[in-house]
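Please have the sequence and the model open together while reading. The paragraphs below go through the structure one region at a time.

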Amino acid sequence: MAFNYAYSKYPLSRVVSIEAIVSADDVVGIMIPHFPHVHKDAWELVLCIEDSCKVMCRGEWAELSPEEAYFIRPGVYHDISLPSEASRAFIISFCCSGSSNIIPLENRMVKMSANELAIIDQIKNELELAFLITTERIRLRTFTPSEASPLGAEQMICNFLEQLIVSFLRSLTMVNGVVTDSEGFKKAVHNYLVEQVNDYINNHLNENITVEKIAEHFHYSRSRLSTLYKKASGKGINEYITDQRIGFAKYLFKNESSSISLVSEKAGFSSPQYFSHVFLSQCGITPTEYLKTIKNEK
């Protein structure tokens with residue numbers, strides 16, 4: 001007699017998923033600071049291997065000792081210096097989903113374990129297998145896949161880098177295998193997520209942005225993103241969108257000679273009628289009445 005067992009699928013959560021590599025450098029000897037630079041959508045991980053390494057972030061320098069790592073978030077101007085011939089560092093820049101989960105590592109010097117140092121060696125080994133390297137050491141700013149690359153070398157790079165990041169994150173929340181600061185970690189992640197969502201909204205105010213589109217952009221489900229955002233900010237995403245659109249509309253009224261219809265369009269409302277309805281609800285007066293108050297002030 002055959003038995004049919006009901007199995008359920010459990011979708012495994014991912015802390016971070018590497019999507020692209022921007023650069024990778026295995027640097028030995030003196031590297032003099034040149035000029036601050038920024039990666040718009042990439043994190044940079046600086047690993048001091050030997051002697052010392054300096055990282056400039058937001059105008060301040062931090063000195064790394066051997067076996068220390070430093071994370072620089074996207075959009076932050078930074079520079080790197082190796083002060084002596086004995087200095088050695090490994091620097092890798094990458095783009096990923098789950099970027100908000102890495103924020104607790106920002107501006108923090110993390111001590112690497114023996115296992116993490118071994119993972120770095122594995123990353124470098126897979127880089128050498130996956131791509132053509134014409135220099136004595138790894139110095140990749142453009143990537144040409146090697147014809148002799150073994151199967152899955154690029155995926156192994158992703159796997160090892162993800163493993164390294166998760167290992168670093170665990171070190172922030174666990175002591176001797178016991179979770180000690182999960183709430184602090186979650187708060188930092190959620191606050192960063194709110195900041196990123198707000199930046200996205202402010203950069204797309206004149207578009208037809210929806211919670212669904214925002215959730216897709218940040219690789220969250222609609223309900224999950226809405227819950228996290230409300231918990232961290234105290235207001236809903238749609239509420240923030242409306243607040244920003246009304247605020248932008250007020251700015252346009254005060255600084256441009258635009259009609260209500262044009263301001264409505266620039267602020268991202270679907271129609272002048274809907275704009276007027278929302279404006280009245282938010283401000284207690286109609287756009288026409290608001291324009292009159294501005295003229296009286298002048």
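Val28 has Arg88 of β7 as its bridge partner. One place earlier in the sequence numbering, Val27 stands opposite Ala89, also in β7. In this predicted model, β1 and β7 are joined by ten bridges and pair in the antiparallel sense. Strands of a sheet pair through backbone hydrogen bonds, either parallel or antiparallel.

The pair belongs to an open sheet of six strands, ordered β8-β5-β2-β7-β1-β9, with antiparallel pairing. The edges are taken by β8 (109-111) and β9, each of which has a single partner strand, so one side of each is left without a neighbour in the sheet. The partner of β9 is β1: two bridges join them, and they run antiparallel.

One of the places where β1 meets β9 can be described at the level of side chains. Arg139 lies in β9, which covers residues 139-140, and Asp25 stands opposite Arg139. The side chains of Arg139 and Asp25 also make a polar contact, at 3.1 Å. Beyond residues up to four places away in sequence, Arg139 touches Ala24 and Asp25. The C-alpha atoms of Arg139 and Ser23 are 7.7 Å apart, although 116 residues separate the two along the chain. How accessible is Arg139? Its relative accessibility is 46%, so Arg139 counts as partly exposed; the cut-off for exposed is over 50%.

Several of the sheet strands also contribute to the largest nonpolar core, which has 36 residues. Within this core, Leu45, Phe94, Leu127, Ile165 and Phe168 touch the most other members. At least two core residues come from each of β1 (17-28), β2 (43-50), β5 (68-72), β7 (88-97), α1 (114-130) and α2 (153-173). The most is given by α2, with eight residues. Leu45 serves as an example of the packing. Leaving out residues up to four places away in sequence, Leu45 touches Ala69, Tyr70, Phe71, Phe90, Ile91, Ile92, Phe94, Leu161, Leu164 and Phe168. A second core of 17 residues is separate from this one, and its members include Val197, Ala215, Leu225 and Tyr229.

Ser81 is a further residue to look at. Ser81 lies in strand β6 (residues 78-81). Is Ser81 buried or exposed? With a relative accessible area of 8%, Ser81 is buried, since buried means under 20%. Apart from neighbours within four places in sequence, the contacts of Ser81 are Met31, Pro33, Cys53, Lys54 and Trp61.

The last stop is helix α8, which runs over residues 272-283 and has twelve residues. From first C-alpha to last, α8 reaches 16 Å, close to the 16 Å expected at 1.5 Å a residue. Phe275, Val278 and Phe279 are buried in α8. These three cover an arc of only 105° around the axis, which means that they lie on the same side of α8. Which exposed residues does the face turned away from the buried side carry? That face of α8 carries Gln273, His277 and Ser281, which are exposed. Just after α8, Gly284 takes a positive phi of about 85°.

Note on methods: Residues are numbered from 1 along each chain as its sequence is written. This is a predicted model: local features need pLDDT of at least 70, side-chain atom pairs count only at pLDDT 80 or more; totals for chains, interfaces and linings use all residues. Side-chain values use heavy atoms; hydrogens and water are left out. Helices (H or I, at least four residues) and strands (E, at least two) are DSSP runs, numbered from the N terminus. The expected span of a helix is 1.5 Å times one less than its number of residues. Buried means under 20% relative accessible area, exposed over 50%, partly exposed in between (1.4 Å probe, protein chains only). The arc is that of the directions from the helix axis to the C-beta atoms. A nonpolar core is a set of buried Ala, Val, Leu, Ile, Met, Phe, Trp, Tyr and Cys residues joined through side-chain atoms within 4.5 Å. Contact means heavy atoms within 4.5 Å. A polar contact is a pair of N or O atoms within 3.5 Å; within protein, one must be able to donate a hydrogen and the other to accept it, and residues adjacent in sequence count only if both atoms are side-chain atoms. Two strands pair if DSSP finds at least two bridges between them.
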